[in-house]
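Please open the structure in a viewer and keep the selection panel at hand. The tour below proceeds by selections, with a description of what each one shows.

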Protein chains: 2
Amino acid sequence: MPRQPDHPDLEDIQLARLFSALGDPARLRIMAVLADRSEHQREDFTVEVAPSTLSHHMKILREAGLTRHRFEGTRCFVSLRTDTLERFSAVLNSTLELVAADEEEAAAPRPHHRPAQS
Amino acid sequence: MPRQPDHPDLEDIQLARLFSALGDPARLRIMAVLADRSEHQREDFTVEVAPSTLSHHMKILREAGLTRHRFEGTRCFVSLRTDTLERFSAVLNSTLELVAADEEEAAAPRPHHRPAQS
DNA sequence: ACTGTACATCGAAGAACGTCGAACTTCGAA
DNA sequence: TTCGAAGTTCGACGTTCTTCGATGTACAGT
């Protein structure tokens, strides 16, 4: 296990890569968890995939420049990259708002803009 | 050639699909052309791909809900979908700003945040 | 030193993507 | 009605993605 995984330099981060990383439902759900701007560990990401698949998605987000990974013992802590968030603040902050809203909408069974018909 | 291509309903547009559509350099360049909010035709999209490939990318953008296609004779006119732009205004408007800026930066050989060293 | 935990990496399978040329469709013009 | 132009669709090819189980690696505890 690498003690310090490779995070791309801020100036090497490309917009297309960011969008590509965000263009997957599973990764969007990961971003929704991270939207509170705090550091999270694996157990927080309740994504219904195999552990190896979660690792894969984490790697994509990290290599796109969206997340920062920190190791402590055998544990891995993940958080948003504040420098990337700053450089692409308009796009990313609004994205985080959207995914966080989607998440709580999915959690609370309260239909609003598409009422379920009996 | 279909007289009216299928555009998805506004409420069916998914964020992951939007990002996925934006996650390609060629399509991002198309979006940069459309960023002026006016209607464009094929000649405006100076993307170095075969016509069939351009059609493919156009279809992806259309099916994601980003663009509106209008036919007049044998010609196809493309513009941004204003309803989608409104619903995801924060994300999409900032994205358009970024891609438009990237485009003019690529056009004008004026380095600013990465000065070329002699 | 051994064992277990936490996570990454590998290898493989199937699906999706980007690309092209060729064939097709639709329309306008001769 | 015949021809060409504009654009889409089709078929193919190679690449990349998503997913998994199995294996590997680093650390913590006994």
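Which side chain has an N or O atom 3.1 Å from a phosphate oxygen of DNA strand D? Select A:D24: an N or O atom in its side chain lies at that distance from the phosphate oxygen. The model is a predicted one, and every distance given on this tour is computed from it.

**Stop 1: A:D24 and helix α2 of chain A**

Keep A:D24 selected and add A:A26. A side-chain oxygen of A:D24 is 2.8 Å from the backbone nitrogen of A:A26, and A:D24 thereby caps the N-terminal end of α2(A). The side chain of A:D24 is thus to be viewed in two settings, at the end of a helix and beside a phosphate oxygen of DNA strand D.

Next, select residues 25–34 of chain A, which form helix α2. Eight of these 10 residues are buried, so the helix is largely enclosed by the rest of the structure. The buried set consists of A:A26, A:R27, A:L28, A:I30, A:M31, A:A32, A:V33 and A:L34.

**Stop 2: the surroundings of DNA strand D**

Select DNA strand D together with the residues around it, 21 in number. A:A50, A:T53, A:H57, B:R42 and B:S55 come nearest. Of the atoms of DNA strand D that come within 4 Å of the protein, 73% belong to sugar and phosphate.

Two further polar contacts merit individual inspection. At A:A50, a polar backbone atom is 2.9 Å from a phosphate oxygen of DNA strand D. At A:S52, a polar side-chain atom lies 3.1 Å from a base oxygen of the strand.

Now colour by secondary structure. Helix α3 (51–64) of chain A, helix α3 (51–64) of chain B and strand β3 (75–80) of chain B each contribute at least two residues to the surface near DNA strand D. The largest share, five residues, is that of α3(A). Coloured by class, this surface shows seven nonpolar, nine polar and five charged residues.

**Stop 3: A:T53**

Select A:T53, which is located in helix α3 of chain A. Is A:T53 buried or exposed? It counts as partly exposed, because its relative accessibility is 28%, between the 20% and 50% limits. Draw a distance from its C-alpha atom to that of A:A26: the two are 9.9 Å apart, with their positions 27 residues apart along the chain.

**Stop 4: the surroundings of DNA strand C**

Move to DNA strand C, which 21 residues surround. The closest are A:R42, A:S55, B:A50, B:T53 and B:H57. Sugar and phosphate make up 71% of the atoms of DNA strand C that come within 4 Å of the protein.

Three polar contacts may be displayed here:

- B:T53: an N or O atom in the side chain is 2.9 Å from a phosphate oxygen of DNA strand C.
- A:C76: a polar backbone atom is 3.3 Å from a phosphate oxygen of DNA strand C.
- A:T74: an N or O atom in the side chain is 3.3 Å from a sugar or linking oxygen of DNA strand C.

The elements giving two or more residues to the surface near DNA strand C are α3 and β3 (75–80) of chain A and α3 of chain B. Helix α3(B) gives the most, with five residues.

**Stop 5: B:L61**

Select B:L61, in helix α3 of chain B. This residue is buried, because its relative accessible area is 0%, under the 20% limit. Leaving aside residues up to four places away in sequence, B:L61 touches B:A21, B:R27, B:I30, B:M31, B:L66 and B:T67. For B:A21, 40 residues away along the chain, the C-alpha separation from B:L61 is 5.9 Å.

**Stop 6: chain A and its interface with chain B**

Finally, display chain A as a cartoon. Five helices and three strands make up its secondary structure, in the order α-α-β-α-β-β-α-α from the N terminus. Of its 118 residues, 40% count as buried.

Then bring chain B back into view. At the interface, 21 residues of chain A are in contact with 21 residues of chain B. The two chains bury about 1,500 Å² between them, 72% of it on carbon and sulfur atoms. Select A:L15, A:F19 and A:L98 to end the tour: these supply 31% of the area that chain A buries against chain B, more than any other three residues.

Notes
Residues are numbered from 1 along each chain as its sequence is written. Chains are lettered from A and ligands numbered from 1 in the order in which they are written. This is a predicted model: local features need pLDDT of at least 70, side-chain atom pairs count only at pLDDT 80 or more; totals for chains, interfaces and linings use all residues. Side-chain values use heavy atoms; hydrogens and water are left out. A residue is near a molecule or strand if one of its heavy atoms lies within 4 Å of it. A polar contact is a pair of N or O atoms within 3.5 Å; within protein, one must be able to donate a hydrogen and the other to accept it, and residues adjacent in sequence count only if both atoms are side-chain atoms. Helices (H or I, at least four residues) and strands (E, at least two) are DSSP runs, numbered from the N terminus. Ala, Val, Leu, Ile, Met, Phe, Trp, Tyr, Cys and Pro count as nonpolar, Asp, Glu, Lys and Arg as charged, and the others, Gly among them, as polar. Buried means under 20% relative accessible area, exposed over 50%, partly exposed in between (1.4 Å probe, protein chains only). Contact means heavy atoms within 4.5 Å. Buried area is the accessible area (1.4 Å probe) that two parts lose on being put together, summed over both.
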